[in-house]
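Biologist: I am new to this structure, and I would like a close look at a single part of it, the largest nonpolar core. Which residues have the most contacts inside it, and which elements give two or more residues to it?

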Amino acid sequence: LGHSRAGPVTLLLGLQCNLLIVQAEGLPRSLESKKWLNEMVAQVWPFLSEYIENLMRHTVTPKVRASLPSLVDFEFTKATLGKVPLRFNAVRCLPLARDAAQLEIDMEYIGDGEEGLEVSVVVSRARLGVSKLRFSGTLCFLLKPLISAAPIVGAMQVFFANPPRMESTFTGLASLANFPKFSTSISRVINAQLANAMVVPHRSFLKLGADTSAVDLFFSSAVVPEGVLRVTVRSAHNLRNADISWPCTPWKENVSDPYCVVTLGADRFTTVTIDDNLNPVWSSQIHDFVVWSKHQTLTVAVYDEDYGLDDSLGDATTSVGNIIQSQGYVTLPLSDQGSVVISGEWWEALPSVERPAGLSEVPTDFPVAVLVVMLHQAFHLVVSSAAGVKMRVGCNGTHLESKQVSSFSQTCSPTWQEALYFVVKGSGPLEITFEAIERVNECIGRGAMVLPSVFGRTSLHGQCIRLEGEGCYPETSLRVQLAFRGLRSHRVV
């Protein structure tokens, strides 16, 4: 399927037809749809083991090493998922706009050693095994645009609306008291890698229609966010003391040093650490999340900061819609013990950017727009080892946000076809800086564009940004398209 343009179309149209036949015959839709999909997955399952093992060794391993203390080495030695394949539990078709539809498929994998699961790692020369592995999430297929010619679907985007969950049970030395920290660290790194690859706003884009260029389809199929949720982490209460085993000093009680990691889609925000406090209160811990659906899940995880690996103090989840409807503070019970308190402010997305009513001057921290930068391709770089593009957005000379997108192609004209989203604040000139970087994270070309104001804007089509630097020719450039969505505040707290 991955090497055939017709494969994904056949899969999706077959699924649609299957749903219609089941409905016409009066059969249980979910049962028949799951059976059809699960039989297909069972046929391709054996070919995934080699891919998973390469992914673990070459992508996940360096990230896990970076997250562990410098004296702790880490390496995957084997990663085979066994005989029991991934299973689909539910299939839903969501009608969207006139030219789009979305399929959502709930998926789950549960593997253990009795069914052929073989995952082993080496940590500082100690060999550990995985006795059980569970992975679950909802995979989305966005079909956009729908066209009136074969193959009906012009392009497809594949993504997770919420980060999938992965749980693992280690054997060997992992049963020792200190290794739950290690297990938590590995899970955090792998989940972060999944989020960077397949959780919104990151998507896998595939052109299916033959009559339109890939870049035009990519630009026209960009997903418009519903708005921005400003989340404030307020406090936590009755947290577990994870430092109780450490020696206490006679002049100070030694208790947990909590901090929070807030996640929505692939975006995450980490608060400051409050030392020695089981009932911490945070101030000015605010982050603006771009939201694609009010059904998206917000997760707040609390950790105890330690030297080396941090302890988990529990996590909590809620939907964006629940925060918007709360009209006040939201208290979330943690999975371990205690609770965490957050609040939010909702900013609805509008077709164009308008100056906020009733404000003679727009505060520098006041969200006014979402900037969508659709990154297509760089042209004529001197080197063929460009790892990606790093972007910085600033307003009134103040840096607002940096984001980076990676490329895995060895070419002097790498293609990304990915959209990056930025929350624009204040009313001053907007400066956007683009940097092409090598795999060693060195800048090989830089370009910029300045917009005097974002008010009244909707989009800028087909922008070619000239890049200059050691890795550039005079004709080196970067092709992007910009789109803007205005924001209107609906105050929650």
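Modeller: Of the 493 residues of the protein chain, 50% count as buried, where buried means under 20% relative accessible area with a 1.4 Å probe, protein chains only. This is a predicted model, in which local features need pLDDT of at least 70 and side-chain atom pairs count only at pLDDT 80 or more, while totals for chains, interfaces and linings use all residues. Residues are numbered from 1 along each chain as its sequence is written, and side-chain values use heavy atoms, with hydrogens and water left out.

The chain has six helices and 24 strands, taken as DSSP runs (helices H or I of at least four residues, strands E of at least two) numbered from the N terminus. The largest nonpolar core, a set of buried Ala, Val, Leu, Ile, Met, Phe, Trp, Tyr and Cys residues joined through side-chain atoms within 4.5 Å, has 53 residues, and those with the most contacts inside it are L371, L430, I432, F434, L478 and L482. Two or more residues come from each of β5 (126-143), β17 (367-381), β18 (386-395), β20 (415-425), β21 (430-438), β22 (443-451), β23 (459-466) and β24 (472-490), and β17 provides the largest share, ten residues.

Taking L482 as an example, and leaving aside its neighbours within four places in sequence, the residues in contact with L482 (heavy atoms within 4.5 Å) include L371, I432, M449 and L460. Apart from this core lies another, of 30 residues, among them W45, F88, Y109 and F141.
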